[in-house]
Amino acid sequence: AEWVDPSEFPRPGDHPSRILVGVSNGNIIYQTPIPKSVSANEEAVKLYQFHVFFHEFFHTIDIPRRDPEKREAILLEYNGEQFTFQDFWDDFEKLCLRVDKKPVSKYASTYADQLSQATKMTDPDKFIRAVGEQIAEAFVGYILGILPNDNSYVDFRKGHPEEYKLMDKICKAKVLMTE
């Protein structure tokens with residue numbers, strides 16, 4: 001994945017069909033229209049913009065809390081079980097580190113090479129960003145029920161049951177304490 005500063009877009013050499021659909025700085029979500037030169041299918045454009053909005057919405061939750069201490073300060077409860085946002089993050093991280101685990105979406109797969117113990121040790125910020133992208137995409141899958149993927153599943157819950165279960169837990173949890 002390549003970060004493109006919205007103030008510098010389009011850049012010389014960018015293909016005329018290239019678009020920046022959305023980006024978040026952790027506080028604000030910036031979305032842009034998708035021009036007809038990219039797709040004239042208004043329903044497809046609308047669904048994709050929902051996808052991007054939900055993805056960036058989750059980043060407004062996780063980006064300001066990329067520090068484990070901040071995640072630890074958020075106490076939640078679901079079905080009588082108390083846990084922190086860090087506990088949730090750790091559970092998701094464990095899924096990402098499994099060798100048999102497939103990324104949750106086509107977009108998430110662009111970060112797959114960064115989801116390793118080696119990256120976690122040598123470049124922890126890169127690793128945390130990669131986990132954050134997996135979680136944000138899982139949130140989209142949980143909300144919309146499907147994600148563009150390379151694994152031919154048409155139901156996120158069935159295609160990624162462990163991620164679905166974690167997202168269900170965090171989305172239905174009651175916040176008991178925040179930072």
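Select G145 to begin: this glycine follows helix α6 and has a positive phi, near 90°. Helices here are DSSP runs of H or I with at least four residues, strands are runs of E with at least two, and both are numbered from the N terminus. Before going further, note that this is a predicted model, in which local features need pLDDT of at least 70 and side-chain atom pairs count only at pLDDT 80 or more, while totals for chains, interfaces and linings use all residues. Residues are numbered from 1 along each chain as its sequence is written, and side-chain values use heavy atoms, with hydrogens and water left out.

Now step back into α6 itself, residues 124–144, whose 21 residues reach 30 Å from the first C-alpha to the last, close to the 30 Å expected at 1.5 Å a residue; the expected span is 1.5 Å times one less than the number of residues. Colour the helix by accessibility and α6 proves mostly covered, with 15 of its 21 residues buried, where buried means under 20% relative accessible area, exposed over 50%, and partly exposed in between, using a 1.4 Å probe and protein chains only.

Next, select the three strands of the open sheet, which lie in the order β4-β3-β5 with antiparallel pairing. The edge strands are β4 and β5, each of which pairs on one side only, two strands being paired if DSSP finds at least two bridges between them. From one strand to the next the twist averages 35°; angles run from 0 to 180 degrees between N-to-C directions, and axes are lines fitted to C-alpha atoms, for helices over the stretch in contact.

Add helix α3 (residues 85–97), which packs on the sheet by touching β3 and β4, its direction making about 80° with that of β4; contact means heavy atoms within 4.5 Å. Helix α8 (residues 161–172) also packs on the sheet, touching β3, β4 and β5, and its direction makes about 110° with that of β3.

Zoom in on β3, residues 75–78, where L76 and Y78 form the covered face and L75 and E77 the uncovered one. Towards β4 (residues 81–84) there are four antiparallel bridges; there, Y78 has E81 as its bridge partner, and L75 has T84. Two residues separate β3 and β4 in their hairpin, and N79 in the turn has a positive phi of about 50°. On the β5 side (residues 174–177), three bridges join the antiparallel strands, and L76 has V175 as its bridge partner.

Finish with the cysteines C96 and C171. The structure holds zero disulfides, a disulfide being a pair of cysteine sulfur atoms within 2.5 Å. The sulfur of C96 cannot bond to the closest cysteine sulfur, in C171, because the two are 16 Å apart. C96 counts as buried at 11% relative accessibility, whereas C171, at 34%, counts as partly exposed.
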